[in-house]
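Welcome, and please open the model in your viewer with the sequence panel beside it. We will go from the whole chain to single side chains, one selection at a time.

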Amino acid sequence: MKKVGLFTTILVLGLTCAAFAADATGDATTKSSAVQFFLYSAIAAGLAIAIAAHGCGIGQGMAVRGAVEGIARNPEASGKVTVTMLIGLAMIESLSIYALVVALILIYANPISSGISAFVGIAK
């Protein structure tokens, strides 16, 4: 578990260094920086969804395993265990939906997206 945290920290620090290293001098460089920002936003959105889906899948698997084990030990409590499990699964799934919302904001509502569409030639 410590290796995952260390890897994530190194990854985040490495990406922020690359993001802050951008140079904005001149018109062509500004357009190039805008395109790079959009590409990095799309990559970050994809990574966010991938990590969220992975974590939610693991969490949901553990929740279902625990519920099935609980029902196997005490079949009379299957109704309460099932309801509690379904509420927990909904809470876990909401975390991946939050990651989806953040990813969509990164892609479609970034402050440079109007500059990208003008650069590419897409009229809004």
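Contact here means heavy atoms within 4.5 Å. Keep that cut-off at hand for the neighbour lists on this tour.

Before you click, two notes on the ground rules. This is a predicted model, in which local features need pLDDT of at least 70 and side-chain atom pairs count only at pLDDT 80 or more, while totals for chains, interfaces and linings use all residues. Residues are numbered from 1 along each chain as its sequence is written, and side-chain values use heavy atoms, with hydrogens and water left out.

**Stop 1: the whole chain**

Show the protein chain as a cartoon. The chain has four helices and zero strands, and along the sequence the pattern reads α-α-α-α. Helices (H or I, at least four residues) and strands (E, at least two) are DSSP runs, numbered from the N terminus.

Now colour by pLDDT, the predictor's confidence in each residue, from 0 to 100. The mean for the protein chain is 78, and 66% of its residues reach 70 or more. Which elements have the lowest and the highest mean pLDDT? Helix α4 (residues 113-120) has the lowest, at 56, and α3 the highest, at 89.

Switch on the surface next. The protein chain exposes about 9100 Å², and carbon and sulfur atoms supply 75% of that area. Accessible areas come from the Shrake-Rupley method with a 1.4 Å probe; for residues, only the protein chains shown count as cover. Of the 124 residues in the protein chain, 14% are buried. Buried means under 20% relative accessible area, exposed over 50%, and partly exposed in between (1.4 Å probe, protein chains only). As for contacts with a separation of 6 or more, residues 24 or more positions apart account for 73% of them.

**Stop 2: helix α3**

Select residues 78-108, which form helix α3. Try a distance between the end C-alpha atoms: they are 44 Å apart, which agrees with the 45 Å that 31 residues should span at 1.5 Å a residue. The expected span of a helix is 1.5 Å times one less than its number of residues.

Show side chains for M85, L89, I92, S96, A99 and A103, which are buried in α3. We will visit two of them.

**Stop 3: M85 and A67**

Centre on M85 in helix α3. Not counting residues up to four places away in sequence, M85 touches A63, V64 and A67. Follow the last of these partners: A67 is found in helix α2. The C-alpha atoms of M85 and A67 are separated by 6.5 Å, with their positions 18 residues apart along the chain.

Is A67 buried or exposed? A67 counts as buried because its relative accessibility is 7%. Leaving aside neighbours within four places in sequence, A67 is in contact with V81 and M85. For another distance, pick K80: its C-alpha atom is 10.0 Å from that of A67, 13 residues apart along the chain.

**Stop 4: S96 and A52**

Move along helix α3 to S96. With a relative accessible area of 14%, S96 is buried. Which residues is S96 in contact with, leaving aside neighbours within four places in sequence? They are A52 and C56.

Select A52 next, in helix α2. A52 counts as buried too, because its relative accessibility is 15%. Residues up to four places away aside, A52 touches S96 and A99. A52 and Y98 are 8.9 Å apart in space, C-alpha to C-alpha, and 46 residues apart in sequence.

**Stop 5: helix α2, from A44 to L47**

Pick A44, also found in helix α2. A44 counts as partly exposed, at 35% relative accessibility. Its C-alpha atom is 7.6 Å from that of A103, 59 residues apart along the chain.

Finish at L47 in helix α2 (residues 27-73). At 37% relative accessibility, L47 counts as partly exposed. Add Y40, I43 and I51 to the selection: with L47 they make a nonpolar surface patch of about 410 Å². Patches are made of residues with over 30% relative accessible area and no salt bridge (a side-chain nitrogen of Lys or Arg within 4 Å of a carboxyl oxygen of Asp or Glu). Like charges are joined within 9 Å, and nonpolar side chains (Val, Leu, Ile, Met, Phe, Trp, Tyr) within 5 Å.
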